[in-house]
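Thanks for coming. I have one structure to show today, so let me put it on the screen.

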Amino acid sequence: ATSPRMVKLEEAVKRGDSEALSVFWKELETNGAPLIEPGPRGGDHVLVTFVWRADSELDNVVLVTGLEDFINIGKNQLGRLGDTNLWYKTYSAHNDIRTVYRFSPNDNLVPLTEEPDMAARIANWRRDPFNTNTFVFPAEVDGIVEKEYIRSVLELPGAPEQVYVAARDGIPKGTLNTYRFSSTVLRNDRLISVYTPPGYDEKRTYPLTVFVDRYAYLSLIPTPTILD
């Protein structure tokens, strides 16, 4: 996809407009990023341009939206605008998207299936400094948060409201109890959390739902709040 704003900026840089790039950076500092423009198809599609400002010489910049991106690492590499410190890539997207992303400057470009040290790879990823909308992705081991990863959030104008993820006043709260389960088959221990609804009565029969990734459904998804 092609961004009209980036085309205009590139034309200005090529004709020697020394102020054009500074004006663009000031726009991002004021309006935030990514850059959102109407799509050529109109309607429910928009153009989304991710931008990285390099503070040193770079060989590449990769947009990271998920680990699966690294199976085909080339598809999300940003391009450099001339000889400037601006790297960018434009996508055509449905305007109801809400997702997270980061940047990997000077990525080693090794496919995920061949990566020997994923922890070091992830340590190089950076949030978008022009985007104040972030999502904290905690790293958890046995219930203890050791390090937090901050991801930037892309939230397009048509993204549906998330009415259940925030705690609200006046809503009765359930109870969350955590137990340690020792497996003789797997020869390890696992933490298991059990949510019971407000007014729980042990003599009653309740529906049961099992979430198979405790970390994700407590740290990434506020499941108890949603159930409340």
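I will go through the overall form, then the salt bridges, then one pocket.

Before anything else, please keep in mind that this is a predicted model.

Let me start with the chain as a whole. Its secondary structure comes to 5 helices and 10 strands. The radius of gyration is 22 Å, whereas the globule rule gives 17 Å for 228 residues, so the chain is more spread out than a compact globule. If you prefer a box, the C-alpha atoms fill one of roughly 80 × 45 × 25 Å along the principal axes. Of the 228 residues, 31% are buried. As for contacts, take those between residues at least 6 apart in sequence: 60% of them join residues at least 24 apart.

Now the salt bridges. How many salt bridges does the count come to? The count is 7, and I will go through some of them.

One of them sits within a single helix. The side chains of Lys 14 and Glu 10 meet with N and O 3.8 Å apart, which is inside the 4 Å cut-off for a salt bridge. Both residues belong to helix H1, residues 4–14, and they are 4 residues apart, or about one turn of the helix. Lys 14 counts as exposed because its relative accessibility is 68%, and the cut-off for exposed is over 50%. Glu 10, at 26%, counts as partly exposed.

Another salt bridge joins Glu 57 and Arg 80, with an N to O distance of 2.9 Å. This pair links distant parts of the chain, 23 residues apart: Glu 57 is in the loop between strand E2 (45–53) and strand E3 (61–64), while Arg 80 is in strand E4, residues 79–80. Is Glu 57 buried or exposed? Glu 57 is exposed, with a relative accessible area of 58%. Its partner Arg 80 has 33% relative accessibility and counts as partly exposed.

The next pair is Glu 155 and Arg 98, whose closest N and O atoms are 2.7 Å apart. Glu 155 lies in strand E8 and Arg 98 in strand E6, so this salt bridge ties together parts that are 57 residues apart in sequence. Both ends are partly exposed: Glu 155 has a relative accessibility of 41%, and Arg 98 has a relative accessible area of 30%.

There is also a network, in which salt bridges with shared partners join Asp 107, Glu 115 and Arg 121.

That leaves the pocket. In general, rolling a probe the size of a water molecule over the atoms shows where empty space is left. The second largest pocket holds about 250 Å³ of space. Which residues lie nearest the centre of this pocket? They are Arg 98, Val 100, Phe 135, Val 153 and Gln 162, out of 13 residues in the lining. So we meet Arg 98 again, the salt-bridge partner of Glu 155.

Three strands each give two or more residues to this lining: E6 (98–105), E7 (134–141) and E8 (144–155). E6 supplies the largest share, 3 residues. By type, the lining divides into 7 nonpolar, 4 polar and 2 charged residues.

To finish, one thing to look at on the screen: strands E6 and E8 both contribute to the pocket lining, and the pair Glu 155 and Arg 98 ties those two strands together. That is all I have.

Technical notes:
Residues numbered from 1 in each chain as written. Predicted model: local features only at pLDDT ≥ 70, side-chain atom pairs only at ≥ 80, totals over all residues. Heavy atoms only, no water. 1 Å grid on protein atoms, 1.4 Å probe; cavity = no way out; pocket = protein on both sides within 12 Å on 5 of 7 lines; lining within 4 Å. Points joined across faces, edges and corners; volume = space filled by probe spheres on them. Nonpolar A, V, L, I, M, F, W, Y, C, P; charged D, E, K, R; others polar. Buried < 20%, exposed > 50% of the residue type's maximum accessible area, 1.4 Å probe, protein only. Rg over C-alpha atoms; globule rule 2.2 N^0.38 Å. Contact = heavy atoms within 4.5 Å.
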